[in-house]
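Me: I want a close look at one small part of this model, and then a walk outwards from there. Here it is.
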Amino acid sequence: MQLRFIPQTVFKPKSSQEQSLENLLEKIQKKSSRAERALVRKAYYLAEDAHKFQKRLSGEPYITHPLAVAHLLADLDMDHEAICAGLLHDVLEDTAITRDYLEKEFGPTITQIVDGVTKISVLKSKGSETAQANNIRKIILATVQDARVLIVKLADKLHNLRTLSFHTPEKVKRIAQEALEIYAPLAGRLGIYKIKAEMEDLCLYYLKPEEYQKIKAAIAEKKANRDERVNKIIEILQDKLREEKIKAKLEGRSKHFYSIYKKIYEQKKDLDEIYDLTGVRVLVDSVQDCYAVLGIVHTLWNPIPNRFKDYISVPKSNGYQSLHTTVVGPEGKFLEVQIRTFRMHQICEYGIAAHWAYKEKENNLKSLQEQFRLLQNIATVQEEGGDAHEFMEELKTNLSVEDEVYVFSPKGEIFSLPAGSTVLDFAFRIHTELGLKCAGAKVQDRLISIRTPLKSGDQVTILTSPHVQPSPNWLRFLKTPQARAKLRAYFRRNEPTEAKIEEKKVETKSTKTIESLPRKSKIKKACEPIVEFYGETNLPHRLARCCNPQPGDAIIGFITRQHHLSVHKKHCPALKALTLSSENISRLVSVHWRGENQEAVLLIEGEDRPQIYLDLVRTLAEAGANIIEAKAETSHDGKISDTFRIEFDSEAHLEGIIVALKQIPGVSAVKMLSPDA
Ligand code: MN
């Protein structure tokens with residue numbers, strides 16, 4: 001058995017005995033024609049013959065390697081051209097076969113893929129870094145033309161990593177390091193998480209064997225307990241789904257070793273903390289079912305605020321789509337739930353390769369070009385006589401950013417931003433003034449709000465308005481440190497001038513309040529101590545002396561018998577005493593500091609129909625409302641009452657959101673509940 005030391009992998013590695021040409025052909029039987037299978041057979045025999053005098057370090061015949069690569073590609077559901085290229089991937093480099101011969105026998109497409117993965121021969125004197133740089137540059141440029149070049153290369157690298165233990169320890173470390181820094185992130189760029197995860201686990205195994213074993217042992221120890229918990233949850237949820245007649249596949253979810261490693265050693269988290277977090281995945285047939293399941297999950301268990309992510313309405317830049325939510329599951333333990341369609345799941349695991357399987361090459365090419373535009377730029381610039389070391393450093397830096405989005409200005413200039421960056425981040429990136437006056441943006445003729453996250457390929461026209469007032473609220477959703485810094489600088493500039501501060505200091509010297517104020521008050525100063533009540537800021541009010549609320553404190557209003565609005569801290573004991581009588585309770589009103597974040601709880605009532613939950617969530621997302629919490633209830637007579645706790649920018653914004661919700665067919669009423677409920 002040659003595949004010694006193989007860590008627990010995502011792909012179940014099969015021994016070389018099981019991998020034959022015959023079972024390769026069997027794997028692709030369903031989705032290939034007789035002629036295509038004949039070509040695969042021909043590629044195999046040519047490769048076998050060309051490599052016949054070569055052996056792998058393990059002592060096996062060399063053909064076992066290209067055959068294993070072809071099997072990996074078949075497992076990814078790749079087409080026959082990629083599989084032929086996989087079988088032939090080493091013939092140009094290592095044998096007497098020429099490019100012309102390949103082209104004559106297999107045509108230009110397969111030849112181009114093989115050529116793309118073939119290393120450029122470089123004089124030894126030029127150094128290994130130059131060779132490495134040239135090869136990776138070549139692969140990137142070829143990949144922009146045909147993604148299968150990189151996919152074949154990734155399968156090649158993965159099989160090499162699986163069988164690394166026959167090399168010297170130094171070489172093992174070098175190859176694993178390269179895979180971890182370059183190939184695993186490239187797999188991520190293509191969205192092929194299945195390969196990325198296994199590569200990272202193998203690299204961890206070779207580079208940090210001790211840590212790898214520690215994690216492995218710890219996981220094994222907790223496994224039984226965890227499995228039991230997951231099974232119980234799956235049972236509860238499955239029963240409920242059956243009741244609602246939703247066909248779904250449920251599975252437990254485990255993190256791969258490298259992601260656990262990163263959390264423990266980079267984010268300094270406790271293994272218990274990471275691993276106690278139970279994860280369940282629900283796969284369904286349609287988008288409509290996704291939202292229905294979400295509603296059911298939220299009725300079974302209470303959702304945790306701020307942990308709901310709708311990647312179906314707003315997919316990640318590499319195409320990832322799913323609903324994520326975290327709820328308080330049985331025994332009070334947090335439960336992470338991912339909900340997606342089978343099709344989305346396939347794309348989550350296979351990324352761009354999944355598009356190939358579905359013959360969506362057009363689609364594919366576009367998203368590929370978006371993903372690779374920046375890498376291509378780096379490669380092209382460097383081709384014109386750049387330094388190899390510089391190229392490698394720039395490439396690694398670029399790849400080390402887990403997720404990036406690439407967006408275009410109206411003039412077609414490209415900007416890269418961290419994933420999750422909003423319209424406002426982009427506005428600040430172009431110019432500070434543009435950020436400070438940003439009112440929204442136009443993307444492909446659609447109007448979107450300042451807090452909408454951007455997607456790769458978006459062409460963004462920033463809209464400005466002289467009425468825009470920068471708000472400290474913005475800090476809540478700005479993603480980039482640069483934009484946050486620019487906004488903070490603006491608030492500092494607009495603080496009371498030095499002279500005024502001096503004046504105040506004199507006034508209050510005896511009480512020393514200025515000195516004793518905490519530093520964070522710098523930003524708070526920008527929210528004036530004016531309270532707002534349903535958008536009205538001029539109403540007569542006073543800050544209650546009993547608790548002396550300061551901007552930033554949670555506050556509540558009390559209407560006095562003199563019809564004044566008295567503002568208390570939310571938990572003021574004096575107020576509590578005052579509101580013991582039920583008559584006084586009705587005098588409480590919700591108020592907040594102007595410029596501070598505003599929350600509302602909307603209760604939506606109406607007739608149940610397919611997709612209504614989807615329409616609600618989409619409408620909220622499109623209107624720029626940030627959903628913090630969602631709960632869905634459906635009565636037996638088909639009435640829905642769904643509640644959403646949302647964040648909004650202004651009263652006008654909230655009004656717009658409510659109007660949009662009321663227009664959804666089936667919705668009969670949208671009510672505001674007290675946000676303190
Ligand atoms: Mn190879």
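Where is the place of E390?

Reply: E390 sits in helix α18 (helices are DSSP runs of H or I with at least four residues, strands E runs of at least two, numbered from the N terminus). Two caveats: the model is predicted, with local features needing pLDDT of at least 70 and side-chain atom pairs pLDDT 80 or more, while totals for chains, interfaces and linings use all residues. Residues are numbered from 1 along each chain as its sequence is written, and side-chain values use heavy atoms, with hydrogens and water left out.

With a relative accessible area of 48%, E390 is partly exposed (buried is under 20%, exposed over 50%, partly exposed in between, with a 1.4 Å probe). E390 shares a surface patch of negative charge with E129, D387, E393 and E394 (members have over 30% relative accessible area and no salt bridge, and like charges are joined within 9 Å). Helix α18, residues 388-400, gives the most to this patch, with three residues.

Now for charges that do pair up: the structure holds 24 salt bridges (a Lys or Arg side-chain nitrogen within 4 Å of an Asp or Glu carboxyl oxygen). One of them joins D75 to K27, with the closest N and O atoms 3.0 Å apart. D75 is in helix α3 and K27 in helix α1 (residues 21-28), so this pair ties together parts 48 residues apart in sequence. D75 is partly exposed at 27% relative accessibility, and K27 is partly exposed too, at 33%.

A more local case is D239 with R242, at 3.5 Å from N to O. Both lie in helix α11 (residues 209-243), three residues apart, or about one turn of the helix. R242 counts as exposed at 54%, whereas D239 is partly exposed at 42%.

Strands get a bridge as well: K639 meets E607 at 2.9 Å, N to O. K639 belongs to strand β20 (residues 639-648) and E607 to strand β18 (residues 598-607), so the contact ties together parts 32 residues apart in sequence. There's also a network of salt bridges linking D79, E81, D146 and R148.

Last stop, the metal. The manganese ion has protein donors H65 (NE2), H89 (NE2), D90 (OD) and D156 (OD), lying 2.2 to 2.5 Å from it (donors are N, O and S atoms within 2.8 Å of the metal, or 3.2 Å for Na, K and Ca; water is not among the atoms, so sites may look incomplete). H65 lies in helix α3 (residues 64-75) and D156 in helix α8 (residues 148-162), so the pair ties together parts 91 residues apart in sequence. Both H65 and D156 are buried.

Definitions and conventions. Patch = residues over 30% accessible without salt bridge, like charges linked within 9 Å, V, L, I, M, F, W, Y side chains within 5 Å. Areas by Shrake-Rupley, 256 points an atom, 1.4 Å probe, with all protein chains shown as cover. Lys, Arg positive; Asp, Glu negative; His and termini not counted. Charge placed at Lys NZ, Arg CZ, Asp CG, Glu CD.
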